[in-house]
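Student: Could you take me slowly through one part of this model, beginning with a pair of neighbouring strands and then widening the view to what surrounds them?

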Amino acid sequence: MDLATLRKILELERKKGYGDGSVFGGLDRYLERWANELPQRLLPDSYASLDIRRRGEWVESMLRWLDGREDKGRRAPALGAKKAKKEKIDQNLDAPITTVTGLSAKLAPKFRRLGVETVRDMLYFFPRRHIDYSKRKTIAELDVGEEQTVVATVWQAQEAVFGGRRATEAIVGDESGNMRVVWFNQPYLAKQLRTNSQLVLSGKVSLFKGVKVFQSPEYEPLVSEDLTHTGRLIPLYPLTEGLSPRVVRRLVKETVDLWAPRLPDFLPEKVRGRAQLLELSEAVKQAHYPESEQFKHRARERLAFDELFLIQLGVLSRRRDWQVGSAAHQIEPEGEVLEAFISSLPFDLTKAQTRVLEEILADIAKAMPMSRLLQGEVGSGKTVVATAALLATVASGYQGAFMVPTEILAEQHFLNVSALLAGACREEEVAGSLRTFTSLLPNPITLGLLIGSMKQSEKKAVHRAISAGEVDIVIGTHALIQQEVEFERLGLAIVDEQHRFGVMQRTALRQKGPTPHLLVMTATPIPRSLALTLYGDLDLSVIDELPQGRQVIRTRWLDPEEREKAYRFLRKEVGDGRQAFIICPLITESESIEAKAAITEYKRLSGEVFPDLRLGLVHGRLKAEEKEGVMRRFRQGELDILVATPVVEVGIDIPNATVMLIESADRFGLAQLHQFRGRVGRGEQQSYCILVAESPSPEGMERLKLLEDAQDGFALAEKDLELRGPGEFFGTRQSGLPDLKMAKLSDMKLLELVRSEAIGLFKRDPDLSRKEHRLLKGEVARLWQDGIGMGEA
């Protein structure tokens with residue numbers, strides 16, 4: 001019997017609204033050829049004579065019967081059928097998901113919405129959690145309110161109506177007694193549940209008029225102990241419109257049963273043995289349908305190890321490519337130059353700044369290119385350290401590049417670096433985007449700005465000056481890595497706010513001449529575990545000390561009914577000549593998330609709450625030049641209040657802003673909230689952060705309370721990682737790094753084990769050229785498919 005064709009026709013009939021138009025001549029004519037193949041009880045007397053409702057019920061009952069047949073066939077196929085099926089399966093794990101039996105072209109787009117496009121994607125489409133239906137009891141032993149399972153015989157099943165809802169009501173029994181089962185909104189089950197058939201039922205039991213009842217439990221016929229929906233740890237997968245839990249479970253199990261055994265295990269046997277890990281095929285099977293909680297844990301451990309191991313090998317390879325490919329310029333300035341610069345500053349460097357600067361200077365004095373991550377809180381003085389490193393580069397006869405994610409930040413850094421240099425030098429000339437400083441070095445120091453919105457003629461002039469070596473330090477956005485920008489002798493490249501740049505941009509900057517020294521700076525406090533894992537190619541420097549006199553930003557969490565009090569306070573601050581931010585998490589209203597939308601909120605605030613004040617709006621859907629324009633007006637004091645989505649998180653420096661009001665604050669992570677808070681408190685005035693949350697979850701309440709009590713960004717980041725996991729804490733896709741599905745970066749023991757194994761293997765075989773590492777090399781290359789991976793793999 002060609003059940004796949006029958007299924008396709010029935011699914012097409014459903015799609016066409018049961019109008020009897022799925023096959024030429026109608027379904028009755030088509031079904032005649034099945035008269036000797038299908039049980040007579042399944043065939044309608046005349047499909048054409050049924051009304052639309054009954055046609056729908058019959059089609060759905062047939063599809064469910066086909067589900068049962070395919071389940072049964074999968075569990076115990078005839079030898080010849082099994083061989084034919086195996087030959088038919090495309091061996092390529094990257095084949096489209098329509099290769100999976102029963103996954104129609106209609107269902108494929110729905111799975112794609114969940115990120116599942118290939119057989120491999122389906123194998124790695126892990127459940128969010130499992131429900132434990134493994135506790136099998138007799139009917140007499142069932143407890144009210146617990147998840148449990150019974151195996152019972154169907155005595156009777158009929159359609160019923162409860163409160164206007166059509167349903168199926170059944171009486172089932174075992175050796176200990178009988179009970180009632182009700183499935184609401186599923187009247188078609190009455191015809192499918194055959195008298196005397198055995199059924200596995202899993203779910204919660206409730207009391208109705210003092211009698212135990214199963215209400216809408218999961219169910220399946222007992223044809224084998226290898227169950228899909230009941231009687232075991234049952235997976236709950238992410239869903240989307242048009243995909244039911246039963247359909248997803250059936251199709252995932254089909255895929256896992258047939259394809260998991262074919263998964264090649266890329267992890268070297270010795271590594272797997274030392275780490276005491278499951279084989280890959282077994283781990284994938286147990287991750288979906290575990291035999292026990294212990295096997296579920298072991299599966300997660302193996303798959304988490306794989307994720308972190310592949311990332312580690314990728315970043316170790318990237319570090320080697322950076323440092324071994326070619327020699328860097330050795331930057332060794334005369335000591336007096338930096339001493340003169342540091343002594344000209346209107347403040348003393350902190351011990352942390354001094355330590356970090358010494359680490360950087362030691363690195364850039366070597367022929368091996370520096371590869372360093374500099375972390376420091378907002379206001380910790382990273383820009384001063386960066387300027388000192390750039391000055392050392394220029395004093396040694398080389399150029400420095402400083403790349404930031406937005407134009408307004410580029411302008412801000414240009415002004416800040418100019419001010420720092422002006423303290424130690426004479427500012428001789430200002431020509432648009434070029435400034436010249438003299439007296440500190442034998443030759444003048446030329447500082448340039450390069451951003452996309454500059455006039456074409458101005459940009460060309462800066463390009464020419466850079467390529468001629470006339471610009472010593474250039475500060476800019478992505479414009480710095482465009483092809484037409486050529487450096488004569490690039491010695492140091494600094495990238496600020498790394499996670500806003502993909503790895504490809506960073507690599508492009510590196511290609512502007514002989515390998516430069518690289519310094520990546522971020523104000524996002526990254527926990528050490530995360531930094532070691534995702535930035536294993538970078539040495540770590542931390543400015544863990546704020547300058548003296550840096551003020552504490554007073555932070556308060558308010559209930560929604562106290563919002564008016566916050567508005568009065570905000571108005572008072574603006575009345576005193578200050579400015580304020582109001583942050584909203586969404587751009588447009590969403591019914592599913594009760595969060596304030598910036599556009600709606602801006603209209604309400606400017607029209608009803610602050611009609612006499614000057615408000616501006618920035619959000620991610622604005623064009624870059626519109627966004628930059630609003631932020632520029634805010635910085636220049638032309639706006640009193642800036643209403644914004646999280647686009648203001650990085651770097652904007654408004655010393656006059658003293659209030660940060662965050663709506664729906666429970667929607668953000670701790671690290672992000674701390675970043676918002678750092679946008680104020682840049683000047684001499686006391687600053688405030690006000691958190692407003694509608695109805696926070698217990699986790700959300702914990703985050704808000706922590707932020708009220710703590711000012712240490714690194715402590716908050718560690719806690720945020722623990723509370724929310726790496727995926728939400730730090731968008732790994734944004735940073736050009738692979739996604740994490742199983743790994744928890746709070747598991748330091750596993751992290752250390754992975755790092756140790758990866759470093760050991762990399763030392764023994766850095767190119768993964770040995771025969772036993774062939775599969776591993778392919779997997780690393782596949783994971784890092786944007787060109788960052790292992791050699792030519």
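Tutor: In this predicted model, let us begin with strand β19, residues 579–583, and strand β22, residues 657–662, which pair in the parallel sense over five bridges. Within this pair, Phe581 stands opposite Met660 of β22. Helix α19, residues 563–575, packs on the sheet that holds these strands, touching β18, β19, β21 (641–644), β22 and β23 (688–692), and its direction makes about 160 degrees with that of β22. Helix α22, residues 670–677, lies across β18, β19, β22 and β23, and it runs at about 150 degrees to β22.

Widening the view, we find that the pair belongs to an open sheet of six strands, ordered β18-β23-β22-β19-β21-β20, with parallel pairing. The edges are formed by β18 (554–558) and β20 (615–618), each of which has a single partner strand, so one side of each is left without a neighbour in the sheet. From one strand to the next, the twist averages 15 degrees. As background for reading such an arrangement, strands of a sheet pair through backbone hydrogen bonds, either parallel or antiparallel.

It helps to set beside this another open sheet, which has nine strands in the order β11-β12-β13-β14-β10-β15-β16-β9-β17 and mixed pairing. Here β11 (426–431) and β17 (539–543) stand at the edges, and because each has a single partner strand, one side of each is left without a neighbour in the sheet. If direction is ignored, neighbouring strands of this sheet are turned by 20 degrees against each other on average.

Within that nine-strand order, strand β10 (residues 399–403) deserves a careful look: five of its five residues are buried, so β10 is largely enclosed by the rest of the structure. Both of its faces are covered, with Gln399, Ala401 and Met403 buried on one side and Gly400 and Phe402 buried on the other. Five bridges join β10 to strand β15 (residues 490–496), and these two run parallel; among the paired residues, Gly400 has Leu492 of β15 as its bridge partner. Four bridges join β10 to strand β14 (residues 473–476), again in a parallel arrangement, and Met403 has Gly476 of β14 as its bridge partner.

Strand β14 is also joined to strand β13 (residues 445–450) by four bridges, and the two run parallel; here Gly476 of β14 is the bridge partner of Leu450. Helix α16, residues 456–467, lies across β10, β12 (434–438), β13 and β14, running at about 140 degrees to β13.

Finally, we can turn from strands to a pair of helices. Helix α13 (residues 351–364) and helix α14 (residues 382–395) pack at an angle of about 30 degrees, with their axes 10 Å apart, which makes α13 roughly parallel to α14. The crossing of α13 past α14 is right-handed. At their meeting place, Gln353, Val356, Leu357, Ile360 and Leu361 of α13 meet Val384, Val385, Ala388, Ala389 and Ala392 of α14. When you look along these helices, keep in mind that an α-helix has 3.6 residues a turn, so residues three or four places apart point the same way.

Terms used. Residues numbered from 1 in each chain as written. Predicted model: local features only at pLDDT ≥ 70, side-chain atom pairs only at ≥ 80, totals over all residues. Heavy atoms only, no water. Pairing = 2+ DSSP bridges. Axes fitted to C-alpha atoms, helices over the stretch in contact; angles between N-to-C directions. Contact = heavy atoms within 4.5 Å. Parallel < 35°, antiparallel > 145°, perpendicular 65-115°, else oblique. Left-handed = near helix turned anticlockwise from the far one by under 90°. Buried < 20%, exposed > 50% of the residue type's maximum accessible area, 1.4 Å probe, protein only.
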